[in-house]
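Okay, thanks for letting me take this slot. Let me put the model up, and then we'll walk through it.

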Amino acid sequence: MIVRMVIGLVLTAAAFAVAGRRLWWLKRLAFSGQPAPERVEYAKNNVVTDLKAQLTEVFGQRKLLKWSVPGAAHALTFWGFIVLLLTIIEAYGALFSRSFAIPGIGHWAAIGFAEDFFAVAVLAGLATFTVIRLRNDPAKIGRRSRFDGSHLNAAWLTLGLIFLVIVTLLVYRGAQENTGYFPYPHGWAFASWVIAQILHPLGTGANSVIETTFILLQLAVVLGFLVFVTYSKHLHIFLAPANILFSRRPGGLGPLEPMRSGGKVLDFEEADPDTDLFGFGKVEDFAWKGLLDMATCTECGRCQSQCPAWATGKPLSPKQLILDLRDHAFAKAPWLLADEAARETLPPGVLAEAGRPLVGGTDAGGVIDPEVLWACTNCGACVNECPVDIEHIDHINGMRRHQVLIESAFPQEAQTMLKNLERRGNPWGLAEDKRAEWITELDFEIPVIDGRIPEDIEYLYWVGCAGALEDRAKKATKATAELLHAAGVKFAVLGPAEACTGDPARRLGDEFTFSGLAQQNVETLNDAGVGEGSGKKVIASCPHCFNTLSREYPQLGGNYEVIHHTQLLAHLVEEGKLKPVTSIEEKITYHDPCFLGRHNQIYTPPRSIIDAVPGTQAQEMHRCKGKGFCCGAGGARMWLEERTGKRINEERIDEALALDPDTVSTACPYCMVMLGDAVNAKKAAGQAKDTLEVIDVSQLLVRAIKLREETREEEKA
Ligand code: SF4
Ligand code: SF4
């Protein structure tokens, strides 16, 4: 007994010393990042939300279970480890007394059964993981594997260690049954009982030796695993609950964070580029939450598997981006954690790592290649998928901000768009009065307000730049206006007083231009009297405008009740104020705009509009709703060239074409343009029928309402 006690305690002290040292180092590294007081404040002030997040994300494994087979395997392993903590207590107890049982519950048959059940469940989970990893071997299927770029050997070692934890557990428990020291009633711990039957012929003496040896082996493997975890991707076992606790709610999607320096929101009027941070130019410019994100990544590759840039052959993988940042942070850590004097004595390798630019091409030895940085569409698929709530978009846009504002290093084709935004308030640089031209093409009047909205008008229709100025999007704007008019909704527009919300500039990283446009618009909207509590609502057709107006302008003091046009139209149909009567016998598939769906969780209204139109046959594409596939326009990509790989819009249209639809419908002017371009390219190549259309759901509804055959002809003209 003494020997096994001494060996067990020495092993424990050694393992805790090594793991503790590593965890302390990780904590110091994370806090070498910028402060993030808003995360701590939020967590402190929202205890119920925090608890819910822990219960659903950590204990409920919500995101993991969206992938049924790997999710179930992970849930079994996770819950197995929770339940099997009891067996670790028992193993430690057995160091001191062979007849140890957990006080109170240690002889319950149900506990013995549960321990064995979860031990077997973990083995089943391991077998499933093994099959999944073999089937998704990057050596065989290349970048189609979500594990491409992950540390594969470490993953196999992890599976091996977990296997050994379970095997040593079952063997010592089987031996205990034979020596008479097993705490549970005979037979209930069924797997241990099977092992006991195998070991029984060896006799009591041999079983005593096996019992002691395997208790020590069990502790050695568990402690070895503990140390290994702190040095591997399995750190997420410890870090995931904290990362989820401090993630921004809900889910890191929707608005971009304001720019912060030293934990405070940056005020452009007072900011000094020499002393303040303008985005992330070095790894230590990330907030500690960003560094925590990097350390928490499990390398599962779920984000990579959903990324439209990766799927179409671009060099951007959200997983690889996080891993590259993590590798750099770890390699630079000795420099980050040393004081000025000690830095000079660091090895050349560390100094070289410390000198690497965060963003730079291969020649410059950059951590993140510019082509990677600019490939992101901000679609949110990665953030939505990540089981440990890593916030890729915040990191990408933080680096973009530094590139634009400090380095002036961004794709030059975006220059024109930015200049146009500055000079004319729209990306095309068209004159302001052109914004109201579409109204003259209607056969009814729409009040264009210049100042305060009249008392009797409930809605301000925010048309958006594309909706007012781009020919295809203008058709959807007119359809929406006609429907509102037909339903008797009183609405007005701002016309020339409306300016771009600033979304393309902000998503590109030009926070300065965004801030100028946003302040101007907030002033206009406040002067119009549509602020919160006014009883007025803002209708936005463009999901990017919707997201910016409703969720980003509050950062500048603009609070409005904003609804998307599909929400209002669906409501009017439901109320019977709009009655779609004309049968439209068409196969229709709906494309979810990322900023309406994933970023703002609006999935049902556009679909209910399609369903309300008689005769339509709605068909879902394989990638829809939360797993919808981007059109390629977000993240300011609408204004950038797409030089590498397959075009994202064509990949999306290929998916739609597999359903042979008559119409592809959507609810975003950006998507209309991108998907329309892809359909035209397919038609030119003879790969799509000439009659295939891309339209907004409002256009579909107006056709069903107006009873006019010429609607379609009008639109085609
Ligand atoms: S936001 Fe979309 S495009 Fe950008 S990294 Fe994530 S999945 Fe890829
Ligand atoms: S970022 Fe999240 S989804 Fe992507 S590999 Fe890491 S843990 Fe998995």
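So, where does tryptophan 79 lie? It sits in helix α4. A note on that word: helices are DSSP runs of H or I with at least four residues, strands are E runs of at least two, and both are numbered from the N terminus.

Some housekeeping before I go on. This is a predicted model, where local features need pLDDT of at least 70 and side-chain atom pairs count only at pLDDT 80 or more, while totals for chains, interfaces and linings use all residues. Residues are numbered from 1 along each chain as its sequence is written, chains are lettered from A and ligands numbered from 1 in the order in which they are written, and side-chain values use heavy atoms, with hydrogens and water left out.

Back to tryptophan 79. Its relative accessibility is 33%, so it counts as partly exposed. The scale here is buried under 20% relative accessible area, exposed over 50%, partly exposed in between, with a 1.4 Å probe and protein chains only. Trp79 joins Leu55, Phe59 and Ile82 in a nonpolar surface patch, and together they have about 350 Å² of accessible area. Helices α3 (47–59) and α4 (68–83) each give two or more residues to that patch. For the record, patch residues have over 30% relative accessible area and no salt bridge, with nonpolar side chains (Val, Leu, Ile, Met, Phe, Trp, Tyr) joined within 5 Å and like charges within 9 Å. The areas are Shrake-Rupley with a 1.4 Å probe, and for residues only the protein chains shown count as cover.

Now the two ligands. Which residues come nearest to ligand 1? Of the 13 around it, those are Cys307, Cys376, Cys379, Gly380 and Cys382; to be around a ligand, a residue needs a heavy atom within 4 Å of it. That shell divides into ten nonpolar, three polar and no charged residues. The classes go like this: Ala, Val, Leu, Ile, Met, Phe, Trp, Tyr, Cys and Pro are nonpolar, Asp, Glu, Lys and Arg are charged, and the others, Gly among them, are polar. Helices α19 (381–385) and α20 each supply at least two residues of the shell.

Ligand 2 also has 13 residues around it, and Cys297, Cys300, Gly301, Cys303 and Cys386 come nearest. There the split is seven nonpolar, three polar and three charged.

Next, helix α12, residues 288–296. How many of its nine residues are buried? Nine of nine. Among the elements covering them are α1 (2–30), α2 (37–45), α11 (236–245), α15 (318–336) and α20 (392–405), where contact means heavy atoms within 4.5 Å. The buried residues include Lys289 and Asp293, and those two turn up again in a moment.

On to charges. The structure holds 51 salt bridges, each a side-chain nitrogen of Lys or Arg within 4 Å of a carboxyl oxygen of Asp or Glu. Take arginine 173, which counts as buried because its relative accessibility is 0%. It pairs with glutamate 115 at 2.7 Å, N to O. That links distant parts of the chain: glutamate 115 in α6 (109–135) and arginine 173 in α8, 58 residues apart. Glutamate 115 is buried as well. Arginine 173 also bridges to glutamate 90, with the closest N and O atoms 3.4 Å apart. This pair spans 83 residues, from α5 (85–96) to α8 (152–179).

A local case is in helix α29 (648–657), where seven of ten residues are buried. Its cover includes α14 (308–311), β7 (587–590), β9 (663–666) and α30 (669–684). Inside α29, glutamate 655 and arginine 652 meet in a salt bridge at 3.0 Å, N to O. They are three residues apart, about one turn of the helix. An α-helix has 3.6 residues a turn, so residues three or four places apart point the same way. Glutamate 655 counts as buried because its relative accessibility is 13%, and arginine 652 does so at 1%. Elsewhere, salt bridges with shared partners join Glu38, Arg39, Glu257, Arg260, Lys289, Asp293 and Glu391 into one network.

Last stop, aspartate 471 in helix α23 (471–486). Buried or exposed? Exposed, with a relative accessible area of 55%. Its C-alpha is 9.4 Å from that of valine 673, 202 residues away along the chain.
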